[in-house]
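Subject: Structure handover

Hello,

Here is the structure we talked about passing on. Please open it next to this message; my notes follow below.

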Amino acid sequence: MPSTTSSPAFLRPARAVTPMAFVRAIVQGYARYGKDPAQALQAAQIAPRELARPGARVTAAQFEALSGHAMQELDDEALGWFSRRLPWGSYGMLCRASLTSPDLGVAMKRWCRHHRLLTEDITLALEVAGGVATLRITENRPLDPAFREFCLVTSLRFMHGYVCWAIDSRISLRQATFPFAAPPHRDAYPLMFTPDVHFDAPQASISFDERYLALPLLRDERALRTMLKRALPLTVLQYRRDRLLGQRVRELLRARAGEATTAEALAGLLNVSGRTLHRQLHEEGTSLQVLKNEVRHELAVEQLRRTTRPIKQVALAVGFRNEKSFSRAFLQWTGHAPRDFRQLGL
């Protein structure tokens, strides 16, 4: 996948957060092919002495430059992970093969199926159960320890980044698992995936809301050609907008009202910043207050229709401080006072 300038669709960290361990894995790829990584490191402005420094990190831009240079110089988009090369353009082929899919679920299944044409060393599979979609990696042969972590992490990031681009939406991950012990740079994993990361798991996987699978692909061949000229941000940066965010906010306000009491608390449950939450809702043409009012309205109507609880208790249950403010809001929503609404059987 070619290298890179940033895109407004992605969130670019200003600080260096990519672990040097991943840089060392690329350097190890050069060693496998008997080539000198000096030019790649120079292109990325990474001093060789930094490779051995404990805790060292590089920026997204540096890592993009290094990866793009190495993929072309080694003619291996897998950078030495697998038993055979993935020649330049291999991942572009996977993108193109999935692009005509009617929805994301079909696109991901095609990606998994076609990935087997590139290598049999690992197998990708999409599973759906209980409203959760999970992308799993099965290791069909022992991967070289020098490449294993980088291979599994990047394979998941490749696909996650592509499908986010394909539907023009950030796909918020619920969980990520990895079949190795937590590395010294484990703090980078929440930035790459989700705060809910588990190590020493049976397989590498990422999980997300099943409803993303029904979203249509919004890209065409022309957009794909443009993206492939600057594709690596898909693997190292978080996509900005989440097309299901408003829907997920509504659900949390209904199901976890006791925890989602403030914008900051709600943002924490969604694994985004408060600023990102407000911005993305604004881009969807709504706001947190509008969604809160919609959910309160729905819950109030349910309470008044299905229970005989006093109006004061209904008001507290749906998030109002007192009966007076609840009655005023309910009148604005429905044109009726809560007591009249119940008595009239509306």
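A disulfide here is a pair of cysteine sulfur atoms within 2.5 Å. Keep in mind that this is a predicted model. With that cut-off, the search of the whole structure turned up zero disulfides. Take Cys-112: the nearest cysteine sulfur belongs to Cys-95 and is 13 Å away, so by the 2.5 Å limit Cys-112 is in no disulfide. Cys-151 is in no disulfide either, with the sulfur of Cys-112 as its nearest cysteine sulfur, 14 Å away. Are these two cysteines buried or exposed? Cys-112 is buried, at 6% relative accessible area. Cys-151 is buried too, at 0%.

Overall picture

The protein has 346 residues, and buried residues make up 49% of them. Its secondary structure comes to 16 helices and nine strands. The C-alpha trace spans about 80 × 40 × 40 Å along its principal axes. Look at contacts with a sequence separation of 6 or more: 66% of them join residues 24 or more positions apart.

Cores

How many residues does the largest nonpolar core have? It has 78. Val-23, Trp-81, Met-108, Tyr-162, Phe-178, Tyr-189 and Phe-193 have the most contacts inside it. Helix H6, residues 148-167, gives this core its largest share, 13 residues. Another core lies apart from it, with 28 residues. Ala-263, Leu-291, Val-314 and Phe-320 are among them.

Phe-178 deserves a click. Leaving out residues up to four places away in sequence, Phe-178 touches Val-153 and Leu-156. Tyr-189 and Phe-193 are also on its contact list, and both are named with Phe-178 among the residues with the most contacts in the largest core. The remaining contacts of Phe-178 are Val-197, His-198, Phe-199, Asp-200, Ala-201, Gln-203 and Ala-204.

Second largest pocket

About 290 Å³ of space lies in this pocket. It is lined by 15 residues, and Arg-174, Arg-248, Leu-252, Leu-269 and Leu-270 are the closest to its centre. Which elements give two or more residues to the lining? They are strand E6 (173-177) and helix H10 (245-255). H10 provides the largest share, four residues. By class, the lining has six nonpolar, three polar and six charged residues.

Two strand residues

Asp-209 sits in strand E8, residues 204-209. Asp-209 has 5% relative accessibility and is therefore counted as buried, the limit being under 20%. Beyond four places in sequence, Asp-209 touches Gly-131 and Arg-174. Arg-174 is also one of the residues closest to the centre of the second largest pocket. Ser-172 is 37 residues from Asp-209 along the chain, yet their C-alpha atoms are separated by 7.9 Å.

Thr-134 belongs to strand E5, residues 132-139. Its relative accessibility is 9%, so it counts as buried. Again leaving out residues up to four places away, Thr-134 touches Ala-125, Leu-126 and Glu-127. The same list holds Ser-205, Ile-206 and Ser-207, and these three fall within the residue range of E8. Thr-134 and Gln-175 are 41 residues apart in sequence and 9.0 Å apart in space, C-alpha to C-alpha.

Backbone points to check

Most residues other than glycine have a negative phi. Two residues here go the other way. Leu-79 is not a glycine, but its phi is positive, about 55 degrees. Leu-79 lies in the loop between helix H3 (60-74) and helix H4 (90-98). What is the relative accessibility of Leu-79? It is 1%, so Leu-79 counts as buried.

Asp-168 also has a positive phi, near 55 degrees. Asp-168 is in the loop between H6 and E6. At 24% relative accessibility, Asp-168 counts as partly exposed.

Over to you.

Best wishes

How values were computed: Residues numbered from 1 in each chain as written. Predicted model: local features only at pLDDT ≥ 70, side-chain atom pairs only at ≥ 80, totals over all residues. Heavy atoms only, no water. 1 Å grid on protein atoms, 1.4 Å probe; cavity = no way out; pocket = protein on both sides within 12 Å on 5 of 7 lines; lining within 4 Å. Points joined across faces, edges and corners; volume = space filled by probe spheres on them. Nonpolar A, V, L, I, M, F, W, Y, C, P; charged D, E, K, R; others polar. Buried < 20%, exposed > 50% of the residue type's maximum accessible area, 1.4 Å probe, protein only. Core = buried A, V, L, I, M, F, W, Y, C linked by side-chain atoms within 4.5 Å. Contact = heavy atoms within 4.5 Å.
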